[in-house]
Amino acid sequence: MCSIPKANALNSFTRCPGLYCGRELLPDGNWSDCGACPRGFRANATSICVSCEDEPMLYDWFYLGFVALLVLLLHWVCIDIISMRRTIPKKVFALHLSALVEVVSASVITLQVTDPVGSFAIRSCRITKLSDWYTLFHNPSPNYEETLHCTQEAVYPLYTMVFIFYALGTAIMLIIRPIIAKKFLPKKGKFTIYAALYFYPILALLHAVGGGIIYYSFPYITITLSILFNAAHFSFKLNQSMKALLLSCVSDIKNVIIILSHWMLYGYGLVAAATFRDLGIHPALIALVPLPALFYIITVRFTDPHKLHLE
């Protein structure tokens with residue numbers, strides 16, 4: 001951690017303009033001009049670049065988990081769409097397992113290479129507001145003259161960690177997936193790789209542009225996606241009666257897995273939203289998890305288009 005300015009330097013030490021400009025302590029004991037703090041540092045209230053020594057909040061871990069879960073779900077959805085199987089045979093299950101190994105491996109390596117290296121702990125800067133994600137738009141122009149470029153990673157290391165994860169996920173997939181696809185699904189397996197090579201860059205672009213917005217809204221994104229996926233899953237059933245939908249939830253192993261995945265996704269969003277609002281994780285939240293599925297099944301008879309009579 002940087003020290004406080006010396007007494008003989010207080011007269012010449014002034015606070016830097018802008019929200020994120022700071023000064024570094026030079027080897028000769030003097031202070032640098034106002035500018036961007038090095039990576040892993042952030043300007044404090046007196047414009048001194050201090051080392052980021054905070055631990056990530058629980059909400060930060062939920063955000064990182066959301067990033068990994070989103071990639072895993074996209075892998076699994078692409079595999080299901082490309083395989084076009086009503087069940088999950090061993091061949092398709094092998095690809096699902098490969099995607100899981102790829103995402104878990106990328107997550108573990110990302111944590112290991114993040115400072116402190118070789119540890120699952122993370123040294124971070126505490127996020128306080130949305131502008132922390134967009135320091136590029138807060139470079140000051142004192143007296144409307146020359147602009148001070150103070151763009152930095154004020155949310156260290158959450159911004160760069162996601163890019164590292166995407167890069168590692170792509171690299172590990174290109175190493176493992178071709179072998180698994182060639183052995184278990186030689187004709188269609190390669191298309192799962194092509195799909196990932198499309199959505200990885202798209203995710204990286206979304207993170208680069210809207211990382212801060214996603215950080216603050218991902219619980220609601222998760223809840224919304226879970227409800228939409230749940231409705232879409234049931235709507236594809238040919239028999240839309242309440243009895244048939246209930247039986248499909250317990251008689252078909254693939255349906256059971258899909259529904260449980262929807263419930264886990266919905267519960268994850270609820271818990272993350274409660275954590276963000278400092279409401280605490282109440283056991284009653286668990287009772288809300290099956291609600292979207294039950295609501296669809298109970299109300300399906302009122303939405304049957306064959307029962308609509310136009311006059």
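**W133 first.** I looked up what W133 touches in this predicted model, skipping its neighbours within four places in sequence. W133 is in contact with Y63, I127, V155, L158 and Y159, and also with H207, G211, G212, Y215 and Y216.

**The core around it.** Next I checked the nonpolar cores. W133 turns up again here: in the largest core, W133 is among the residues with the most contacts inside it, along with Y63, V71, F165, Y166 and F218. That core has 43 residues. I then asked which helices each supply at least two residues of this core. They are α1 (58-83), α2 (90-113), α3 (158-184), α4 (189-235) and α6 (253-276). α1 gives the largest share, eleven residues.

**A second core.** I also found a separate core of eight residues. F234, L245, C249 and I259 are included in this second core.

**α5 against α8.** L245 and C249 came up again when I moved on to the helix pair α5 and α8, since I wanted to see who makes that contact. I noted the geometry before the residues. Helix α5 covers residues 242-251 and helix α8 covers residues 291-299. They pack at an angle of about 150°, and their axes are 8 Å apart. Over 145 degrees counts as roughly antiparallel, so α5 and α8 are roughly antiparallel to each other. The crossing of α5 past α8 is right-handed.

On the α5 side, I listed M242, L245, L246 and C249 as making the contact; on the α8 side, Y296, I297 and I298. What kinds of residues are these, nonpolar, polar or charged? My tally for the contact of α5 with α8 reads seven nonpolar, no polar and no charged.

Notes:
Residues numbered from 1 in each chain as written. Predicted model: local features only at pLDDT ≥ 70, side-chain atom pairs only at ≥ 80, totals over all residues. Heavy atoms only, no water. Axes fitted to C-alpha atoms, helices over the stretch in contact; angles between N-to-C directions. Helix = DSSP H or I, 4+ residues; strand = E, 2+ residues; numbered from the N terminus. Parallel < 35°, antiparallel > 145°, perpendicular 65-115°, else oblique. Left-handed = near helix turned anticlockwise from the far one by under 90°. Contact = heavy atoms within 4.5 Å. Nonpolar A, V, L, I, M, F, W, Y, C, P; charged D, E, K, R; others polar. Core = buried A, V, L, I, M, F, W, Y, C linked by side-chain atoms within 4.5 Å. Buried < 20%, exposed > 50% of the residue type's maximum accessible area, 1.4 Å probe, protein only.
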